[in-house]
Amino acid sequence: MSSPKGSSAAEAALEPGQSREATDYDKASPQKLVIGLVGMAVTVWLLVNAFLAFSLYPELFLDSRIVIGIVALIIGVGGAALFFFFLNMFVEGLPGRASRGAMPYAYVLPAFGFIGLMLIYPTIQTINYSFANADSDAYVGFQNYKDIFGDEAFRSSIFNNILWLLVVPAITVAFGTVVAVLGDKLGAQAEKISKSTIFLPMAISFVGASAIWGLVYAYDNPGANQTGLLNAIWTAFGGEPQTWLQISDFRLNSFLLMVILIWLQVGFAMILLSSAIKGVPEDTIEAARIDGASEWQIFWRVVIPQVKGTMITVFITVTILVLKVFDIVYVTTNGRFNSNVIANLFFNELFAARQAGRASAIVVILLLAVTPILIYQVRHFRNEEANA
Amino acid sequence: MTYQAAANAPKGGDEKMPDPMSGPKDTSKRSWVAIIVMLILCILWTIPTLGLLVTSFRSRDDIVNSGWWTAVFNPFGTGWTLDNYDRMFAGTAMDTAFVNSIVVAIPATIIPIMFAAFAAYAFTFMDFRGKDLLFVAIVAVMVVPLQVALQPMLNFLGPRGLGISGDYLSVWLMHTGFGMPLAIYVLRNYMSTLPRTVIESAKIDGATHFQTFWKLIVPMSVPALAAFAILQFLWVWNDLLIAKLFLSRANTTVIVELQTLLGTQGQGKELLTAGAFISMLVPMIVFFTLQRYFVRGLTAGAVKG
């Protein structure tokens, strides 16, 4: 495309567009440079001041949240557009070669500014904090790591997280596949309705889902009418009402919390798997059928191998989600009754116990846990690009 | 973010992709087993939400004394009431929180898109040194758990730093940063399926990159832009962690309000169901009206065609 090239006659003949571009920008345009630079500076200055004014002088915006929101939207989007306009003008003003060389960076670097500030810098800083004390003002070596690994609560959380990891991604993918396959065997209208029904929880927050399932797991004293669905069924079969989320035998409460996440995520798995299954070429299935394969064999030997890539994708997505699972545990048990997980433990260390050092060490462990996935993703991406 | 890995899947042309909600039909494939199993699954999937909805319209006494299903089996013997909704808006900060949620979610959805679109354009249609390395960095940071950012960002945005923690601005910034890798990834995947000839001919006509971007690429990328917008909106609206940590009490969102309600015991507990339903209303509307785009967004470039 527009890699920096000289504008030799031979190339100009081959690529007319290139030559046009080259003649346009061959010389620096001081006018564009100055306007671009001043424009960028003014835009940034205005943006910063406007956004600061929201918090410092809300009366300017009639003290109305809605006015602030609308103004923020307009100047946020408009300001970003204006910034790119002036940035582009500035780069176009550079002499030809420099202009073409700098243009890609002008487009990419603003986005990377955000990524650097919000993701890369904090990652390094968190690793740094994990070797410091509770107020992050003196280094303590590996003390935080010794502390957390010596802590029973941490080991219990790790154990629970491993349970979550073993159960949730696998069951989500399995359910997603079942729904995708069976939905394919319904009438068009029935398929649409049933899939929408199972997909719907995707729009619900973890907190909302916990409220919904709180009604299912609710407890009333023995003898009283049970208002929780699970206890109503349980007592109908002659059982005593149970405080379900407090039962840590065999980590039952953790499994009940996993149900919430599975309920939320099956729709997502179903959508991806469904479009993969529908994408399996009909002739491969026909060929197997002619060879006398049963539907069951076709499913396992023809369909599954062709959608394996998608299954892995869904599995990894849910795995990453499970590693970070926080909201559900936080609002239901807050980690009591042996149901804690790393992300919730982190939250409590950071904000209840105010132990920034230990909390950071916990996040570093989390970071280490996602590293194999990260490496896999990057390698997978590289392969895809090489094949494209 | 939740769906980041999904974006890093085998990619294929969008136009070849069958609609995953219902594909071409071969009626001979219908089976009774499928119908029965799907029916059971649908009922299982609906019951919890139905329970919440029904409960939110029952009086406090009814909620305490009998299960919500009694109201379903005996709809005319039940005293249906809007009392919970009335009292929730009067007694809690839910109405302000509702406005806050909208004020937080819309800018936090739209602003990252602009930055991401420019970056995605450069990654798709320009060659430059370090391109591969930068893009691999994006693939990598998509996996980084956002927990890493909390303590450093609280220091950076809080009183020790810029002093904007508690304001909308801090949350807009946070969501812009966290949404950026996925946005660039999704948009770049989509843009790479656009026909190159169109861009080449624009270049021959003397269009600059800036003109090509605005006049050709942005209009052609609307499906991917909309899809990402829906994902990001649902994510921001439903977020608890960032809103809880970076918004002051007065600026807080419905999800944080709901979490507070969940913590209350006894008195006021019946308001919870109404609160939960209110918090689900906007994402549900977005979800139902824009489901097509949403599904496409999840599958676009994520599944081999």
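## Chain B and its contact with chain A

Buried residues account for 56% of the 305 residues in chain B. The model described here is predicted. The secondary structure of chain B consists of 16 helices and 0 strands. Of the contacts in chain B with a separation of 6 or more, 78% are between residues 24 or more positions apart.

### Confidence

The predictor assigns the complex an ipTM of 0.88 and a pTM of 0.88. For chain B the average pLDDT is 84, and 86% of the residues score at least 70. The table gives the helices of chain B in which confidence is lowest and highest.

| Helix of chain B | Rank in confidence | Mean pLDDT |
|---|---|---|
| α1 (residues 4-7) | lowest | 48 |
| α13 (residues 241-246) | highest | 94 |

Residues 7-17 of chain B stay under a pLDDT of 50, and the model has 37 contacts beyond four places in sequence for them. The pLDDT is also below 50 over residues 301-305 of chain B, a stretch with 27 contacts in the model beyond near neighbours in sequence. Where pLDDT is low, predicted coordinates should not be read in detail.

### Interface between the chains

In the complex, 111 residues of chain A are in contact with 109 residues of chain B. On the side of chain A that touches chain B, helix α5 (residues 96-129) of chain A gives the most, with 20 residues. By class, this side of chain A comprises 69 nonpolar, 30 polar and 12 charged residues.

### Packing within chain B

A pair of packed helices is described by the angle between the axes and the distance between them. Helix α5 (residues 83-91) of chain B packs against helix α15 (residues 271-289) of chain B at an angle of about 85 degrees, and their axes are 8 Å apart. Because angles of 65 to 115 degrees count as roughly perpendicular, α5(B) and α15(B) are described as roughly perpendicular to each other. From α5(B), the residues Asn84(B), Tyr85(B), Arg87(B), Met88(B) and Gly91(B) meet Leu271(B), Thr273(B), Ala274(B) and Gly275(B) of α15(B). The classes represented in this contact of α5(B) with α15(B) are 4 nonpolar, 4 polar and 1 charged residues.

### Tyr190(B)

Tyr190(B) is located in helix α9 (residues 168-191) of chain B. Tyr190(B) counts as buried because it has 26 C-beta neighbours inside 10 Å, and the cut-off for a buried residue is 20 or more. The C-alpha atom of Tyr190(B) is separated by 6.4 Å from that of Ala224(B), a residue 34 residues apart from Tyr190(B) along the chain.

Conventions:
Residues are numbered from 1 along each chain as its sequence is written. Chains are lettered from A and ligands numbered from 1 in the order in which they are written. This is a predicted model: local features need pLDDT of at least 70, side-chain atom pairs count only at pLDDT 80 or more; totals for chains, interfaces and linings use all residues. pLDDT is the predictor's confidence in each residue, from 0 to 100. Helices (H or I, at least four residues) and strands (E, at least two) are DSSP runs, numbered from the N terminus. Two residues are in contact if their C-beta atoms, placed from the backbone, lie within 7 Å. Ala, Val, Leu, Ile, Met, Phe, Trp, Tyr, Cys and Pro count as nonpolar, Asp, Glu, Lys and Arg as charged, and the others, Gly among them, as polar. A residue is buried if 20 or more other C-beta atoms lie within 10 Å of its own, exposed if 12 or fewer, and partly exposed in between; C-beta atoms are placed from the backbone. Axes are lines fitted to C-alpha atoms, for helices over the stretch in contact, and angles run from 0 to 180 degrees between N-to-C directions. Angles under 35 degrees count as roughly parallel, over 145 as roughly antiparallel, 65 to 115 as roughly perpendicular and the rest as oblique.
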